[in-house]
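Work through the exercises below with the structure open. Each one sets a task and then solves it in steps.

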Amino acid sequence: MVVDEVRRLCVVDGERLVGVLSRADLLRGFLRHDEEIRRDMVDDVFGLRLGVSAGSVGVAVERGVVTLLGQLPAKSDVELATTLTERVSDVVEVHNRLDYVWNDRQGREHRWIHL
């Protein structure tokens, strides 16, 4: 499912759809607790690897699904955060809601944040 990027499987009885299974449904019994995953995210991914303080990024985990919130300095940081999060043990899916200040992928273009 991961290799082919399959997120859900249809369950059929003959030609009739009887349900839908997600990756989270299939892996639920094997997953670590959400708080353990969150701690790994905050300490390892954002703290050690990206050098981001714990308070500047929000990390929510529910049944192995990680949602990232907040703002990082550069677009490449946002992309790296997603990649590193996907590699954390027992992460089922990543919802990246991170924003960035500077698009370092396109020269010196800045994204202005309106308050």
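The model is predicted.

**Exercise 1. A bridge across the chain**

Task: Find the salt-bridge partner of Asp-90, and say where in the chain each of the two residues sits.

Solution.
- Step 1. Asp-90 pairs with Arg-32 in a salt bridge, and their closest N and O atoms are 3.1 Å apart.
- Step 2. Place both residues. Asp-90 lies in the loop between H3 and S5, while Arg-32 lies in the loop between helix H1 (23-27) and H2.
- Step 3. The two are 58 residues apart, and the pair links distant parts of the chain.
- Step 4. Check accessibility. Asp-90 is at 21%, so it counts as partly exposed. Arg-32, at 23%, is partly exposed.

**Exercise 2. From bridge to network**

Task: Work out which residues are joined into one network by salt bridges that share partners.

Solution.
- Step 1. Start with the total: the structure holds five salt bridges.
- Step 2. Asp-44 and Arg-49 form one of them, at 3.4 Å from N to O.
- Step 3. Asp-44 has 28% relative accessibility and is partly exposed. Arg-49 reaches 53%, which is over the 50% limit, so Arg-49 counts as exposed.
- Step 4. Now read off the network: shared partners join Arg-32, Asp-40 and Asp-90.
- Step 5. Add the Asp-40 link. The side chains of Arg-32 and Asp-40 meet in a salt bridge at 2.7 Å, N to O. Asp-40 is partly exposed, with a relative accessible area of 32%.
- Step 6. Recall the general rule: side chains of opposite charge can pair when their charged atoms come close.

**Exercise 3. The nonpolar core**

Task: Describe the largest nonpolar core and name the element that gives the largest share of it.

Solution.
- Step 1. The core has 20 residues. Those with the most contacts inside it are Met-41, Phe-46, Val-59, Leu-72 and Leu-98.
- Step 2. List the elements that give two or more residues: helix H2 (34-49), strand S3 (57-62), strand S4 (65-74), helix H3 (75-87) and strand S5 (93-103).
- Step 3. H2 gives the largest share, five residues.
- Step 4. Take Leu-72 as an example. Leaving out residues up to four places away in sequence, Leu-72 touches Phe-46, Val-52, Val-57, Asp-77, Val-78, Ala-81, Leu-98, Asp-99, Tyr-100 and Val-101.

**Exercise 4. Val-61**

Task: Decide whether Val-61 is buried or exposed, and list its contacts.

Solution.
- Step 1. Val-61 is found in strand S3.
- Step 2. Its relative accessibility is 16%. That is under 20%, so Val-61 counts as buried.
- Step 3. Beyond four places in sequence, Val-61 touches Asp-34, Ile-37, Arg-38 and Val-66.
- Step 4. Look at Glu-93 too. The C-alpha atoms of Val-61 and Glu-93 are separated by 9.8 Å, and the residues are 32 apart along the chain.

**Exercise 5. The cavity**

Task: Count the cavities of 30 Å³ or more, then characterise the lining of the largest cavity.

Solution.
- Step 1. The structure holds one such cavity. The space in the largest cavity is about 30 Å³.
- Step 2. Its lining consists of Val-42, Phe-46, Gly-47, Val-52, Ser-53, Ala-54 and Val-57.
- Step 3. Sort these by class: five are nonpolar, two are polar and none is charged.
- Step 4. H2 supplies the largest share of the lining, three residues.

**Exercise 6. Two pockets**

Task: Give the volume and lining of the largest pocket, then do the second largest.

Solution.
- Step 1. The largest pocket has a volume of about 260 Å³.
- Step 2. Val-2, Glu-5, Arg-7, Arg-23, Leu-27, Glu-86, Val-91, Val-92, Glu-93 and Val-94 line this pocket. H1 and S5 are the elements that give two or more residues to its lining.
- Step 3. By class, the lining of the largest pocket divides into five nonpolar, no polar and five charged residues.
- Step 4. The second largest pocket holds about 160 Å³ of space. Of its 12 lining residues, Ser-22, Ala-24, Arg-63, Val-65 and Glu-93 are the closest to the centre.
- Step 5. The lining of the second largest pocket has three nonpolar, one polar and eight charged residues. H1 gives the largest share of that lining, three residues.

Note on methods. Residues numbered from 1 in each chain as written. Predicted model: local features only at pLDDT ≥ 70, side-chain atom pairs only at ≥ 80, totals over all residues. Heavy atoms only, no water. Core = buried A, V, L, I, M, F, W, Y, C linked by side-chain atoms within 4.5 Å. Buried < 20%, exposed > 50% of the residue type's maximum accessible area, 1.4 Å probe, protein only. Helix = DSSP H or I, 4+ residues; strand = E, 2+ residues; numbered from the N terminus. Contact = heavy atoms within 4.5 Å. Salt bridge = Lys/Arg side-chain N within 4 Å of Asp/Glu carboxyl O. 1 Å grid on protein atoms, 1.4 Å probe; cavity = no way out; pocket = protein on both sides within 12 Å on 5 of 7 lines; lining within 4 Å. Points joined across faces, edges and corners; volume = space filled by probe spheres on them. Nonpolar A, V, L, I, M, F, W, Y, C, P; charged D, E, K, R; others polar.
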